[in-house]
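Here are some exercises to work through with the model open in your viewer. Try each task before reading its solution.

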Amino acid sequence: MKKVSIGVVGAGIYGNYHLNIYTSDKNVENVVVCELNERRKQQAEDKYGIKGYSSVDSMLQNEQLDAVSIATSDPYHFDTAMDAMNHGIKYLFIEKPLATTLDESYQIVQLAEEKNVRICVDFHKRWDPAYNAIKKELKSGDANLIRGYMSLDDIIDVPTKWLNWADKSSPAWFLGVHCYDLIRYLTGSEVETVYATGNKGVLANQGIDTYDSMQAILTMTDGSNWTVENAWVLPNTFPKSNDGQLVIVTDNKYFKNESYRGLEQYTSEKASIPNYLFMNFDEEVPWGFGIEPIQDFVRNIIENTDFRANVYDGLQATKIANAIHESVITKKIIKLEK
Ligand SMILES: NC(=O)c1ccc[n+]([C@@H]2O[C@H](COP(=O)([O-])OP(=O)(O)OC[C@H]3O[C@@H](n4cnc5c(N)ncnc54)[C@H](O)[C@@H]3O)[C@@H](O)[C@H]2O)c1
């Protein structure tokens with residue numbers, strides 16, 4: 001394939017990143033957008049000079065697309081993915097999580113296999129240079145993993161102001177899947193069991209019926225144990241929209257990574273600690289580890305090479321998040337389905 005024609009579904013916060021990246025990619029020849037919200041659709045049309053649609057069906061009927069890029073809210077990836085595959089689209093880029101139920105994830109995998117569709121899931125932490133340095137070091141020598149800790153938290157504006165669908169997601173679906181996937185990526189091993197707890201209160205008191213925080217202990221097939229903590233109620237005064245940590249202990253190595261990348265910025269309005277490695281849109285071609293998965297999606301299609309995070313990785317993360325929810329409710333240790 002010479003150049004790729006792509007339809008982006010959802011022009012919210014993340015869909016705009018997709019649009020920005022595709023419209024500045026020389027390997028993409030046509031970008032269109034589908035957005036239910038008329039104002040957002042119009043803004044995307046104007047900003048990127050592209051054609052907009054109000055339904056996935058009309059976009060698929062009227063355009064000759066090679067790929068569909070899904071940036072709808074967490075619970076609405078499924079319908080678009082199924083519609084696109086049934087229409088004959090052969091490449092999908094799906095924002096994490098793949099879907100918010102196990103049944104939907106299995107249906108996506110099954111249809112993708114039947115119709116020979118290749119799906120990439122946006123687990124951008126696989127592109128973070130710090131984690132890749134850790135992965136390389138873990139692979140070299142004879143380190144045996146003992147334990148790991150990972151946290152990824154958001155400020156409370158995210159579920160209360162940025163998203164109007166937080167009640168249909170959770171810290172595990174929105175944040176946790178990044179961690180579960182990274183742990184699989186770093187260790188090259190699978191989760192065997194999970195035990196988890198969750199707290200509700202802060203968001204529920206504001207009419208948003210979901211967990212404030214979820215904590216999980218994962219046991220892995222390589223014998224290591226991991227603690228994963230995700231909350232989305234951090235005070236808005238935190239100088240970044242999210243925070244995170246990764247700590248790993250092996251029998252002869254120790255790793256520690258903070259999402260704080262050493263840069264502090266103070267203006268008369270605010271203090272911030274920007275992650276300058278994540279997304280940069282100031283240059284002609286955007287760059288950063290949050291951008292690369294989307295650029296690689298196009299490159300992998302053209303070169304017919306493997307996606308770094310595929311539909312099976314999406315399914316595994318969904319299995320883990322699903323088991324974590326089950327454990328929170330039942331208070332039992334859940335063994336993961338093979
Ligand atoms: N990779 C990451 O690190 C990362 C970070 C943030 C968000 N995300 C994911 O990106 C997705 C979108 O998040 P967001 O923050 O942009 O949310 P958002 O609410 O800002 O945007 C979602 C948009 O999808 C539109 N939409 C929903 N269903 C649609 C449909 N059937 N057809 C067309 N448009 C539809 C909504 O109108 C809305 O504008 C979520 O799944 C989220 O988890 C990923």
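**Exercise 1. Measure out the two domains: how far apart are their centres, and how many residues of each are in contact?**

Keep in mind that this is a predicted model. Begin with the C-alpha centres: those of domain 1 and domain 2 are separated by 26 Å. Next, get the bounds right. Domain 1 covers 4–122, while domain 2 is made of 125–278 + 316–335. Now look at where they touch: 11 residues of domain 1 are in contact with 13 residues of domain 2. Finally, sort the domain 1 side of that contact by class, and you get six nonpolar, three polar and two charged residues.

**Exercise 2. Describe the shell around the ligand: how many residues are in it, and which are the closest?**

Select everything that surrounds the ligand and you end up with 25 residues. The closest are Gly 10, Gly 12, Tyr 14, Thr 72 and Glu 95. Then ask which element gives the largest share: that's helix α1 (residues 13–23), with three residues. Split by class, the shell has 11 nonpolar, eight polar and six charged residues.

**Exercise 3. Classify the packing of α8 and α10: what is the angle between their axes, and what is the hand of the crossing?**

Two numbers do the job here, since a helix pair is described by the angle and the distance between the axes. Helix α8 spans residues 171–187 and helix α10 spans residues 311–330; their axes come within 9 Å and cross at roughly 120 degrees. Angles of 65 to 115 degrees count as roughly perpendicular and those over 145 as roughly antiparallel, so α8 and α10 are oblique to each other. The crossing is right-handed.

Now list the contact. From α8 come Ala 172, Trp 173, Gly 176, Val 177, Tyr 180, Asp 181 and Arg 184. Facing them from α10 are Asp 313, Gln 316, Ala 317, Ile 320, Ala 321, Ile 324 and His 325. By class that's eight nonpolar, three polar and three charged residues.

**Exercise 4. Do the same for α4 and α5: are they roughly parallel or roughly antiparallel?**

The axes of helix α4 (residues 77–87) and α5 come within 10 Å and cross at roughly 15 degrees. That makes α4 roughly parallel to α5, and the crossing is left-handed. On the α4 side, Phe 78, Ala 81, Met 82 and Met 85 do the meeting; their partners in α5 are Glu 104, Gln 107, Ile 108, Leu 111, Ala 112 and Lys 115. Count by class and you find seven nonpolar, one polar and two charged residues.

**Exercise 5. Take one more pair, α6 and α8: which residues make the contact?**

Start with the geometry: helix α6 (residues 129–139) and α8 have axes that come within 9 Å and cross at roughly 35 degrees. Tyr 131, Ile 134, Lys 135 and Leu 138 of α6 make the contact with Leu 182, Tyr 185 and Leu 186 of α8. The classes are six nonpolar, no polar and one charged.

**Exercise 6. Check the backbone: which residues does the cis peptide bond join, and where is Asn 116?**

Scan omega and you'll hit a value of about -10 degrees at the cis bond joining Lys 96 and Pro 97. Pro 97 sits in the loop between β5 (91–95) and α5 (102–115). Then scan phi: Asn 116, a residue other than glycine, has a positive value near 55 degrees. Asn 116 lies in the loop between α5 and β6 (118–122).

Methods: Residues are numbered from 1 along each chain as its sequence is written. This is a predicted model: local features need pLDDT of at least 70, side-chain atom pairs count only at pLDDT 80 or more; totals for chains, interfaces and linings use all residues. A residue is near a molecule or strand if its C-beta atom, placed from the backbone, lies within 6 Å of it. Helices (H or I, at least four residues) and strands (E, at least two) are DSSP runs, numbered from the N terminus. Ala, Val, Leu, Ile, Met, Phe, Trp, Tyr, Cys and Pro count as nonpolar, Asp, Glu, Lys and Arg as charged, and the others, Gly among them, as polar. Domain bounds come from an automatic or database domain assignment. Two residues are in contact if their C-beta atoms, placed from the backbone, lie within 7 Å. Axes are lines fitted to C-alpha atoms, for helices over the stretch in contact, and angles run from 0 to 180 degrees between N-to-C directions. Angles under 35 degrees count as roughly parallel, over 145 as roughly antiparallel, 65 to 115 as roughly perpendicular and the rest as oblique. A crossing is left-handed if the near helix is turned anticlockwise from the far one by less than a right angle, and right-handed if clockwise.
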